Amino acid sequence: MLFLGLEGMEEPSSKICFGTGTERPTFPDQIARDRFGNENTPFRGVKEVGPGQYDNHKFTTFTDVKKPTSTKGYVLGARTGQKDFYQLIDRAPPPTLYQDINRPPIKKSLKPFHSSSNRFKKEASFISPGPGCYEHLVEKNRNVQMLHSFGGRTKSVPHVDIKCIVNENIICGNCGEKPVGDFYENKSKILCPRCYDYNYKWQEKYNRAYLTSFRKARDCSFMHEHEGTTAVLQKISDKELKKLKQKEAYLSLYWS
């Protein structure tokens, strides 16, 4: 009978939850004593004030706020002396002083513009040869022939062979005369420059294929002094002889 009037009523909840009845701190207002609480600071302020709790009908301004002002018109540490006001003074000369009325006399020149030279100079005549004087069908990228050796220095191939002739008589095998200056030699065959050029052009006695085997030679009288013996007295130094050979080897690429 005691429980007849309590039918349908729920039992009151227990005050103890999770093993305690104390107030539990929550994050928006309080923080936990751990790493999460140190990194996420709580919201401070009045939590009861919401968007509808402000007095929007009241208007306030910042002009009513009283601020400490100076009665003299300057702050602490400012100058109290009278301020100097500078007046603008125009000290420029007038326009009439720039040009003198009494001008000095101008001396007339004997020649116009103080010069008696011709205004138009004569064009210099072309001293250089014309376009038709140059060779067009020429070989490009010409290089001096060099002698190479493994581990040794390179030497240029001389264009003219220098021969020491003491007791031998050099006689042309075609005309029987002694050549003057350089001559052409192939083993024991000797030709003077006149016979070589004539046969190379007309091929009367020797064909061109045979003449190409000849090499230009020269007597050593310009650099040696034998005096009828096999002994050698050198007239020029080795340095000068080397320069002469290099110059002849280079010029032989353009002139025969």
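This briefing walks through two pockets, some aromatic contacts and one strand with its neighbours.

The model is predicted, so local features need pLDDT of at least 70 and side-chain atom pairs count only at pLDDT 80 or more, while totals for chains, interfaces and linings use all residues. Residues are numbered from 1 along each chain as its sequence is written, and side-chain values use heavy atoms, with hydrogens and water left out.

**Pockets**

- A pocket here is an open set of points on a 1 Å grid over the protein atoms alone, where a 1.4 Å probe fits, with protein on both sides within 12 Å along at least five of seven lines; lining residues have an atom within 4 Å of a point.
- The largest pocket holds about 450 Å³ of space, a volume being the space filled by probe spheres set on the points, which are joined across faces, edges and corners.
- Its lining runs to 16 residues, with Gln145, His159, Arg215, Ser252 and Leu253 nearest the centre.
- The second largest pocket has about 310 Å³ of space, and its lining includes Met146, Pro158 and Lys242.
- Helix 4 (238-251) and strand 2 (155-156) each give that second lining at least two residues; helices (H or I, at least four residues) and strands (E, at least two) are DSSP runs, numbered from the N terminus.
- Helix 4 has the largest share of that lining, at 3 residues.

**Aromatics**

- There are 7 aromatic pairs in the structure; rings of Phe, Tyr and Trp (its six-membered ring) pair if their centres lie within 6.5 Å, and planes under 30 degrees apart are stacked, over 60 edge-to-face and the rest tilted.
- One of them is Tyr210 with Phe214, edge-to-face at 5.2 Å centre to centre and 85 degrees between the planes.
- Tyr210 is partly exposed because its relative accessibility is 32%, while Phe214, at 6%, counts as buried (buried is under 20% relative accessible area, exposed over 50%, partly exposed in between; 1.4 Å probe, protein chains only).
- Both belong to one aromatic cluster with Tyr184, Tyr196, Tyr200 and Tyr206.
- Arg208 sits over the face of Tyr200, 5.4 Å from the ring centre (the cut-offs: NZ of Lys or CZ of Arg within 6 Å of the ring centre and within 35 degrees of the ring normal).

**Strand 4 and its partners**

- Strand 4 (residues 183-186) is covered on both faces: Phe183 and Glu185 on one side, Tyr184 and Asn186 on the other, all buried.
- Strand 4 runs antiparallel to strand 6 (residues 215-219), joined by 3 bridges; strands pair if DSSP finds at least two bridges between them.
- Glu185 stands opposite Arg215 of strand 6, and Arg215 also turns up in the largest pocket's lining.
- Strand 5 partners strand 4 in a hairpin with 2 residues between them, and Lys187 in the turn has a positive phi of about 60 degrees.
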